[in-house]
Every structure is written in structure tokens, then in C-alpha cells.
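The following briefing is meant to be read alongside the sequence and the model. Topics are taken up one at a time, beginning with a single helix and its surroundings.

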Amino acid sequence: MNRAPRTRPHPAGLLDAQEHDHDRTHAHAWSPAEARARFRAGLSGPTAGWATGYTQANLISVPADWAYDMLLFCQRNPKACPVLDVTDAGSPTTVLAEGADLRTDLPRYRVWEHGELVEEPTDVVARWRDDLVSFLIGCSFTFEGALTRAGVPMRHIEQGRNVSMYVTDRQCRPAGRLRGPMVVSMRPVPPEYLPVAIRETGLLPAVHGSPVYCGDPGALGIADLGRPDFGDPVVAEPDDIPVFWACGVTPQAAVTASRPPFAITHAPGQMFVTDARDEQYRVV
């Protein structure tokens with residue numbers, strides 16, 4: 001799903017595809033502003049490991065008459081939907097990134113009508129509405145820096161893939177007109193690193209915190225780890241344990257289940273890079 005064709009011309013002067021691939025190798029060192037400028041120019045792709053040390057966020061924008069339902073849904077399901085910011089109606093700006101534009105500064109978006117995915121553009125200027133309220137929700141990519149520093153291997157980053165995400169059979173607590181299942185992200189973790197992975201992520205509750213489950217995916221209703229609902233399949237080492245964290249794609253599952261008339265979200269794994277430092281959300 002993250003390889004949908006572009007819906008706008010490749011801007012003049014932008015690096016060609018081969019140069020893009022080379023340039024991505026330095027994405028970990030980009031500043032948030034540099035990353036957003038590249039997204040604004042048309043670069044897209046999974047952002048795991050990019051702009052190291054800076055918090056990434058999920059995006060969902062809904063009409064103002066659905067905003068209370070969304071806020072209540074997030075409050076009732078904080079593990080999956082930890083809110084970092086909520087904008088004023090119609091505003092494309094956020095306190096999380098000075099000068100950023102939520103309509104252009106993500107790698108790729110998804111546009112929804114009545115619960116159906118209708119478009120995956122690289123900007124949503126033409127689809128923006130004056131009544132949209134945007135929610136910036138914590139992303140598990142943020143805690144990957146802490147995991148890496150603790151020695152926990154990030155298999156999807158090593159393999160150059162998007163993280164694997166799955167729709168579970170665990171239903172979120174409904175709120176108003178919104179309901180739907182929890183979505184989880186999965187990272188294979190060697191057993192000797194499992195305690196530190198749980199501890200380190202538990203110190204970052206604003207970006208999903210500790211895992212919701214470790215072990216047999218069938219306990220979450222996941223039939224085949226090799227067929228994620230979003231993202232890419234990730235190859236695990238023989239002794240790795242699948243570890244599942246609540247995921248900020250959960251609101252998109254709620255959009256599918258609840259069918260609001262209109263919504264804009266990020267494409268799974270292609271996040272908004274904020275100016276906030278990861279340490280701001282770490283529990284001391």
C-alpha cells in the first residue's frame with residue numbers, strides 16, 4: 001500500500017530515483033525540517049530510522065462534527081492512540097513543528113470517503129477542508145532509538161523495510177460513532193533482549209509504551225506474520241520472539257469500521273517528523 005503511484009508530477013530539480021535511494025542512506029542524520037522539506041518536494045517512503053532523536057507522529061484529520069468522537073476514542077484507547085496535539089478546525093499547523101504544513105509535509109497521505117480509501121497522494125492541499133480537525137498521535141518509531149541504544153536489533157530497519165502492522169481481534173473501546181479493532185506493529189526481538197525492550201518502551205507511554213503482547217500471534221487473531229495488513233513482512237531470526245505494540249494506524253481501522261464521511265490520514269509507516277525531541281516524552 002505504501003507504493004501507490006504519485007498523484008502529482010515529480011517536481012523539477014528533485015533528485016532522480018537512483019539519487020533518492022542513495023540519499024535515503026543519510027536520512028537518519030536529517031533534521032526534522034530537512035526531512036519535511038524533502039517530503040514537501042515529493043519524496044515518500046517509510047520513515048523508520050529517519051531524523052534520529054526526533055519524535056514522529058501519526059496523523060488523522062476528521063470533520064469538526066466528528067472531532068469530539070475522535071478525541072473521546074483516543075482518550076478511551078490511550079495505548080493505541082496517545083494524543084500529542086490537536087489542531088484548531090481548518091488549521092494545517094501544529095505546535096510540534098514550527099513552520100510545518102500538515103497538508104504537504106508528510107511522505108504520503110490517505111484520503112477516505114465513507115470509510116473507503118479513495119486516494120494516496122503525496123500532498124492533500126486540494127482535498128483540505130476548513131472544518132478539518134487534525135490529531136497528531138504518538139508513533140512507535142520514536143522509541144526505536146531507545147531500543148537501538150539498548151542493543152535491541154531493529155530487523156525492519158536492517159532489512160530496509162517498513163514495519164509489519166496487523167489488524168487484531170481485540171476491539172477498542174467505542175466512543176460515540178467510532179469503533180474498530182486495535183492495530184499492532186510487530187518487531188522480532190531476541191529473547192535475551194525482551195526484558196530491556198519492555199522496560200525501554202514502557203518509559204515512553206506517549207508513543208505507545210510497553211508491548212500489548214509477546215509471543216504467539218494467534219492470541220491476537222493474527223493468522224500469518226508473513227502477510228501483514230500494512231507495511232512489509234519482516235524476516236525474523238530463528239529464536240526471535242514476535243513482540244506487538246499498539247499502533248497509531250488504529251484510527252484508520254476505526255475509519256474503515258465506522259465510515260465517517262471524510263478523513264485524511266498518513267500512509268502507514270510514512271509519518272510526520274516533528275521538532276520535538278524523543279527525550280521530551282520519556283518518563284524519568
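In this predicted model, the buried residues of helix 3 are Trp-66, Ala-67, Asp-69, Met-70, Leu-72, Phe-73 and Cys-74. Among the elements that cover these buried residues are strand 1 (54–63) and strand 2 (83–86), together with strand 5 (132–138) and helix 7 (250–258). The points below begin with the dimensions of helix 3 and then turn to the cavity, the cysteines and several loop residues.

**Helix 3**

- Helix 3 spans residues 64–76, and its 13 residues reach 19 Å from the first C-alpha to the last, which is close to the 18 Å expected at 1.5 Å a residue.

**The internal cavity**

- The count of cavities of 30 Å³ or more comes to one, and the largest cavity holds about 80 Å³ of space.
- The lining of the largest cavity is made up of 15 residues, and those that lie nearest its centre are Asn-58, Cys-139, Ser-140, Met-165 and Cys-247.
- In character, the lining of the largest cavity divides into eight nonpolar residues and seven polar ones, with no charged residue.

**Cysteines 139 and 247**

- Cys-139 and Cys-247 both belong to the group of lining residues that lie nearest the centre of the largest cavity, yet the count of disulfides comes to zero.
- The sulfur of Cys-139 has its closest cysteine sulfur in Cys-247, at 7.2 Å, and this is too far for a bond because a disulfide requires the two sulfur atoms to be within 2.5 Å.
- Seen from the other side, the closest cysteine sulfur to that of Cys-247 is the one in Cys-139, again at 7.2 Å and too far for a bond.
- Cys-139 counts as buried at 4% relative accessibility, and Cys-247 is also buried, with a relative accessible area of 5%.

**The loop between helix 6 and strand 8**

- Val-207 is placed in the loop between helix 6 and strand 8, and at 0% relative accessibility Val-207 counts as buried.
- Leaving aside neighbours within four places in sequence, Val-207 is in contact with Thr-55, Pro-82, Gly-138, Cys-139, Ser-140, Thr-142 and Phe-143; of these, Cys-139 and Ser-140 are also among the lining residues that lie nearest the centre of the largest cavity.
- Val-207 and Thr-122 are 85 residues apart along the chain, and their C-alpha atoms are separated by 24 Å.
- His-208 lies in the loop between helix 6 (194–202) and strand 8 (213–214), where it has a positive phi of about 90° although it is not a glycine.
- His-208 counts as buried, its relative accessibility being 1%.

**Residues in two other loops**

- Ala-51, found in the loop between helix 2 (32–40) and strand 1, likewise has a positive phi, of about 50°, although it is not a glycine.
- Ala-51 is buried as well, with a relative accessible area of 1%.
- Asp-101 is found in the loop between strand 2 and strand 3 (109–113), and at 16% relative accessibility Asp-101 counts as buried because the cut-off for that class is under 20%.
- When neighbours within four places in sequence are left aside, Asp-101 is in contact with Pro-92 and Tyr-109.

Definitions and conventions:
Residues are numbered from 1 along each chain as its sequence is written. This is a predicted model: local features need pLDDT of at least 70, side-chain atom pairs count only at pLDDT 80 or more; totals for chains, interfaces and linings use all residues. Side-chain values use heavy atoms; hydrogens and water are left out. On a 1 Å grid over the protein atoms alone, a cavity is a set of points where a 1.4 Å probe fits but cannot get out, and a pocket is an open set with protein on both sides within 12 Å along at least five of seven lines; lining residues have an atom within 4 Å of a point. Grid points are joined across faces, edges and corners, and a volume is the space filled by probe spheres set on the points. Ala, Val, Leu, Ile, Met, Phe, Trp, Tyr, Cys and Pro count as nonpolar, Asp, Glu, Lys and Arg as charged, and the others, Gly among them, as polar. Buried means under 20% relative accessible area, exposed over 50%, partly exposed in between (1.4 Å probe, protein chains only). Helices (H or I, at least four residues) and strands (E, at least two) are DSSP runs, numbered from the N terminus. The expected span of a helix is 1.5 Å times one less than its number of residues. Contact means heavy atoms within 4.5 Å.
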